[in-house]
Amino acid sequence: MEGVKLEFFNEYSSPSVKYTDKEGSANEVKTKSSSRSGRIRASINGDTLNTNYWPGYFHDYEDEEFIPLAKTLIYLDRAIYRPGQKVFFKGILLKHIKDKTTTVANEYVEIYVDDPNGEEIAYYRLKTNKYGSFNGSFSLPTSGITGEFEIYAEEDTEEESEFWNDILDNGDFGYNSLSFKVEEYKRPTFEVKFDDINETFHPGDTAVVSGSAKSFMGAGISNTNLIYEVTRQKLIRRWWYSSYGDPVTIVVDTTTTDAEGKYQITFPVILEAQEDLNENYLYKYKIKATVVDVTGETREASTSIKIGAQNLLTNLVLPESVITGDTLDLKIENTNLNENPVL
């Protein structure tokens, strides 16, 4: 649309006014003195549209395009390994300057591998080929710690290099790492599950959740100890967003599965002091159950329930778009805080 009046609103100055050309476009030039703005008003022939956008932050580094940057990309042949297996890796050394990224040939990089405790288990000094890539392999310890390992590359420090001197003196090297897991694999023989929670609980109640531990053949894991932990998190509402606070442990205890492998977990619904004065509180209780069978195999399961002052949620379901003259098909959905239907 041609001739549309656009008003660009600034934080501390009068709006900047532009008019669209025959292509329907208009440009607003931002300068160092321009404050950030998030609102534009478009108007023509008595019609007005107000719109908002996020303009981001303005910065200006005159020499930024001439700063040399380098980084490595590392790839593995898989994401999880067993103790004693061989890990094959490949990497690429890249350089970025003047809006152009290229590979770097015939330069050394130092490769480190750390275990989950941060202890170094392997070190290599490798030279990139004519394509800027390098590769290698190492064997994981046959016994010892398992968990999340890390492989990463750093700049070469053993000898002088024009490339690395330029990066370290005039530019920057982007640290990049890749994590992988080392786990003892054992085919699971049973699983732990929680039943659906349909009941609504209130402060002062004793909440009851149930579940079962069963083998994949269908038999219950009977008369076996179950360790459970219940934590509570409060929903903290802020004017721009909401999030749950740090978890508070309510109870850690044990129970026993019955002859069919079923179990029940009970815990008190406890709120913070003075919470009865808050008409909009909401808590999330997380329940974690751990079962260890006679062979030492361990399986876990978790579930959660929400408890608040207002337990009924009503949602009006509308179509995304309608055409003038259509009949609206309106639906009302009622659920509790745990998304279970309330009839």
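**Exercise 1. Salt bridges of Arg125**

Task: In this predicted model, determine which residue forms a salt bridge with Arg125 at 3.6 Å between the closest N and O atoms, and where each partner lies.

Solution.
Step 1. Arg125 pairs with Glu159, the closest N and O atoms being 3.6 Å apart. This distance falls within the 4 Å cut-off for a salt bridge.
Step 2. Arg125 belongs to strand β10, whereas Glu159 sits in the loop between β12 and α1, so the pair ties together parts that are 34 residues apart in sequence.
Step 3. Glu158 also forms a salt bridge with Arg125, and the closest N and O atoms are again 3.6 Å apart. Because Glu158 is in the loop between β12 and α1 and Arg125 is in strand β10 (residues 120–127), this pair ties together parts that are 33 residues apart in sequence.
Step 4. Next, accessibility. Glu158 is exposed at 52% relative accessibility, Glu159 is partly exposed at 47%, and Arg125 is partly exposed at 24%.

**Exercise 2. A second pair and the network**

Task: Characterise the salt bridge between Glu297 and Arg299, and state which residues are joined into one network by salt bridges that share partners.

Solution.
Step 1. The closest N and O atoms of Glu297 and Arg299 are 3.0 Å apart.
Step 2. Glu297 has 5% relative accessibility and therefore counts as buried. Arg299, at 25%, counts as partly exposed.
Step 3. Through shared partners, Arg125, Asp156, Glu158 and Glu159 are joined into one network.
Step 4. Over the whole structure, the search finds nine salt bridges.

**Exercise 3. The two sides of helix α1**

Task: Establish which residues of helix α1 (residues 162–170) are buried, and why they line one face of the helix.

Solution.
Step 1. The buried residues in α1 are Phe163, Trp164 and Ile167.
Step 2. Viewed down the axis of α1, these buried residues fall within an arc of 90 degrees, so they line one face of the helix.
Step 3. The general geometry is relevant here. An α-helix has 3.6 residues a turn, so residues three or four places apart point the same way.
Step 4. Glu162 and Asp169, on the other side of α1, are exposed.
Step 5. The cover over the buried residues of α1 includes strands β5 (69–76), β7 (86–97), β9 (108–114), β12 (147–155) and β13 (172–174).

**Exercise 4. Overall dimensions of the chain**

Task: Decide whether the protein chain is more spread out or less spread out than a compact globule.

Solution.
Step 1. The protein chain has one helix and 24 strands.
Step 2. Its radius of gyration is 31 Å, well over the 20 Å that the globule rule gives for 343 residues, so the chain is more spread out than a compact globule.
Step 3. The C-alpha trace spans about 75 × 70 × 45 Å along its principal axes.
Step 4. Of the 343 residues, 30% are buried. The accessible surface comes to about 22,700 Å², and carbon and sulfur atoms contribute 47% of it.
Step 5. Considering contacts between residues at least 6 apart in sequence, 60% join residues at least 24 apart.
Step 6. For a specific separation, Phe8 and Thr146 are 138 residues apart in sequence and 57 Å apart in space, C-alpha to C-alpha. Phe8 is part of strand β1 (residues 5–9) and counts as buried at 10% relative accessibility.

**Exercise 5. The surroundings of Thr231**

Task: Locate Thr231 in the secondary structure, and state which residues it touches, not counting those up to four places away in sequence.

Solution.
Step 1. Thr231 lies in strand β17 (residues 225–237).
Step 2. With a relative accessible area of 16%, under the 20% cut-off, Thr231 is buried.
Step 3. Apart from residues up to four places away in sequence, Thr231 touches Pro247, Val248, Thr249, Ile250, Lys284, Tyr285 and Lys286.

**Exercise 6. A nonpolar surface patch**

Task: Identify which residues form a nonpolar patch on the surface together with Ile332.

Solution.
Step 1. The patch consists of Leu316, Leu318, Val322, Leu328, Leu330 and Ile332, and their accessible area together is about 590 Å².
Step 2. Ile332 is placed in strand β24 (residues 331–335).
Step 3. The relative accessible area of Ile332 is 61%, so this residue is exposed.

Conventions:
Residues are numbered from 1 along each chain as its sequence is written. This is a predicted model: local features need pLDDT of at least 70, side-chain atom pairs count only at pLDDT 80 or more; totals for chains, interfaces and linings use all residues. Side-chain values use heavy atoms; hydrogens and water are left out. Patches are made of residues with over 30% relative accessible area and no salt bridge: like charges are joined within 9 Å, nonpolar side chains (Val, Leu, Ile, Met, Phe, Trp, Tyr) within 5 Å. Accessible areas come from the Shrake-Rupley method with a 1.4 Å probe; for residues, only the protein chains shown count as cover. A salt bridge is a side-chain nitrogen of Lys or Arg within 4 Å of a carboxyl oxygen of Asp or Glu. Helices (H or I, at least four residues) and strands (E, at least two) are DSSP runs, numbered from the N terminus. Buried means under 20% relative accessible area, exposed over 50%, partly exposed in between (1.4 Å probe, protein chains only). The arc is that of the directions from the helix axis to the C-beta atoms. Contact means heavy atoms within 4.5 Å. The radius of gyration is taken over C-alpha atoms; the globule rule is 2.2 Å times the number of residues to the power 0.38.
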